[in-house]
Amino acid sequence: MSDATPGSPSAASTTPATGAPASGELERTNIDRSWLTKMMVFLVVLVGFGLWACYDLAFDLPQRGKDYASYRERIFLDRAIGTGQANRTSIADPAARLKELQGRRAELEKAEAEFAGLTGKAGEAQYDAELRRLAAALLENAELEWLLALSSARALKAENTTITAPVERQAELTKKWEQTDPPRPLPAYDIPLHWFYAVVALGIAGYMVLLILRVKSKVYTWDAAAQRLTLPGGRSLTPADIAEYDKRKWHKFYVTLVTRDGGPAVTLDLYRYAKLEGWVLAMEKPSGGEG
């Protein structure tokens with residue numbers, strides 16, 4: 001048996017028949033928990049993916065690119081010193097040199113293939129001349145691969161292609177790469193692709209945060225006794241105000257209320273707001289609709 005007496009807060013807050021809030025005692029919507037949970041899961045995944053891309057951009061890819069460029073530099077120095085051209089290992093304008101060599105890339109790759117199939121005897125004039133020609137092409141091809149590796153690592157600068165002591169530099173790199181497995185090449189598209197990942201993932205995550213805040217800022221209220229739904233902008237509706245409950249998008253958790261006064265129709269999102277679906281069904285009952 002209830003201890004409430006007439007005029008007490010507990011007696012005034014509910015109707016005797018239904019236990020629903022009495023007229024003037026409003027219910028308020030809040031964010032639907034299932035929708036918010038899904039949003040948070042997506043948000044965590046997107047932020048995690050975006051941060052992973054940022055980590056790769058800041059640490060992994062630059063180091064991998066520098067390592068591969070260092071490996072290709074060693075091959076270039078091996079060929080230059082092996083052919084007695086150590087004095088031409090420094091490159092004052094690497095961007096211009098890269099452009100020049102790229103224009104001859106097919107020619108240099110063909111020379112690599114010809115060298116692999118070269119047969120003859122040392123001392124024969126024709127063999128020695130062909131060997132010198134191909135050796136020069138192989139040196140330029142090694143130079144091209146080095147410059148391409150620097151370009152992919154965003155390190156194509158004169159400070160990285162100035163070699164004042166080529167023999168010492170070759171010995172340093174030889175020692176390093178004899179003790180370490182060669183790194184994987186860094187494709188030219190890898191860094192731009194990771195920028196794309198980071199921008200898209202964190203951009204969508206930012207949009208989702210704004211969406212959650214926007215949903216949270218919109219509040220519907222419901223006066224059960226008066227069957228009155230008040231919209232976030234202050235407009236209120238009762239069953240008598242509704243001409244039609246348009247449920248063509250009900251399966252997508254949307255309903256559109258067409259009003260009798262010819263005012264703008266109201267589309268309600270039933271998925272993002274807890275309780276709203278039940279209030280719409282309660283309003284629809286007096287009209288003989290689904291309840």
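In what order do the three strands of the open sheet that contains β5 stand? In this predicted model, the order is β5-β6-β7, and the pairing between the strands is antiparallel. The edge strands of this sheet are β5 and β7, each of which pairs on one side only. On average, and with direction ignored, neighbouring strands of the sheet are turned by 20 degrees against each other.

**The chain as a whole**

The chain has 291 residues, of which 35% count as buried, and its secondary structure comes to nine helices and seven strands. When contacts with a separation of 6 or more are considered, residues 24 or more positions apart account for 66% of them.

**The two sheets**

Besides the sheet of β5, β6 and β7, the model holds an open sheet of four strands, which has the order β1-β2-β3-β4 and antiparallel pairing. Its edge strands are β1, covering residues 27-28, and β4, covering residues 236-237, and each of these pairs on one side only. The table sets out three of the strand pairs, each of them antiparallel, together with one pair of residues that stand opposite each other.

| Strand pair | Residue ranges | Bridges | Opposite residues |
|---|---|---|---|
| β2 and β3 | residues 221-223 and residues 228-230 | three bridges | Thr-221 and Thr-230 |
| β5 and β6 | residues 242-246 and residues 254-259 | four bridges | Tyr-245 and Leu-257 |
| β6 and β7 | residues 254-259 and residues 266-269 | four bridges | Thr-256 and Thr-267 |

In a regular strand the side chains alternate between the two faces of the sheet. The strands β6 and β7 also form a hairpin with six residues between them, and in this hairpin Gly-262 takes a positive phi near 80 degrees.

**Helix α9 and the sheets**

Helix α9, which comprises residues 276-284, lies across β1, β2, β3 and β4, and runs at about 40 degrees to β2. Helix α9 also lies across β5, β6 and β7, where its direction makes an angle of about 130 degrees with β5. The helix therefore has contacts with strands of the four-stranded sheet as well as with strands of the sheet ordered β5-β6-β7, where contact means heavy atoms within 4.5 Å.

**Helices α2 and α8**

How do the axes of helix α2 and α8 cross, and within what distance do they come? The axes of α2, which spans residues 33-82, and α8 come within 8 Å and cross at roughly 155 degrees. Angles over 145 degrees count as roughly antiparallel, and α2 and α8 are therefore roughly antiparallel to each other. The contact of α2 with α8 has, by class, 28 nonpolar, two polar and three charged residues. As to handedness, α2 passes α8 in a left-handed crossing.

One residue of α8 can be followed in more detail, namely Ala-201, whose place is in this helix of residues 190-217. Is Ala-201 buried or exposed? Its relative accessibility is 4%, and because buried means under 20% relative accessible area, Ala-201 counts as buried. When residues up to four places away in sequence are not counted, Ala-201 touches Leu-46, Phe-49 and Gly-50. Ala-201 and Leu-43 are 158 residues apart in sequence, yet their C-alpha atoms are 9.2 Å apart in space.

**Positive phi outside glycine**

Most residues other than glycine have a negative phi. Two residues that depart from this pattern are described here, and both are found in loops.

Arg-154 has a positive phi, near 60 degrees, although the residue is not a glycine. Arg-154 lies in the loop between α5, residues 125-152, and α6, residues 158-161. With a relative accessible area of 45%, Arg-154 is partly exposed, since this class covers values between the 20% and 50% cut-offs.

Lys-275 likewise has a positive phi in a residue other than glycine, here near 80 degrees. Lys-275 is found in the loop between β7 and α9, and, with a relative accessible area of 39%, Lys-275 is partly exposed too.

Key
Residues numbered from 1 in each chain as written. Predicted model: local features only at pLDDT ≥ 70, side-chain atom pairs only at ≥ 80, totals over all residues. Heavy atoms only, no water. Pairing = 2+ DSSP bridges. Axes fitted to C-alpha atoms, helices over the stretch in contact; angles between N-to-C directions. Buried < 20%, exposed > 50% of the residue type's maximum accessible area, 1.4 Å probe, protein only. Parallel < 35°, antiparallel > 145°, perpendicular 65-115°, else oblique. Left-handed = near helix turned anticlockwise from the far one by under 90°. Nonpolar A, V, L, I, M, F, W, Y, C, P; charged D, E, K, R; others polar.
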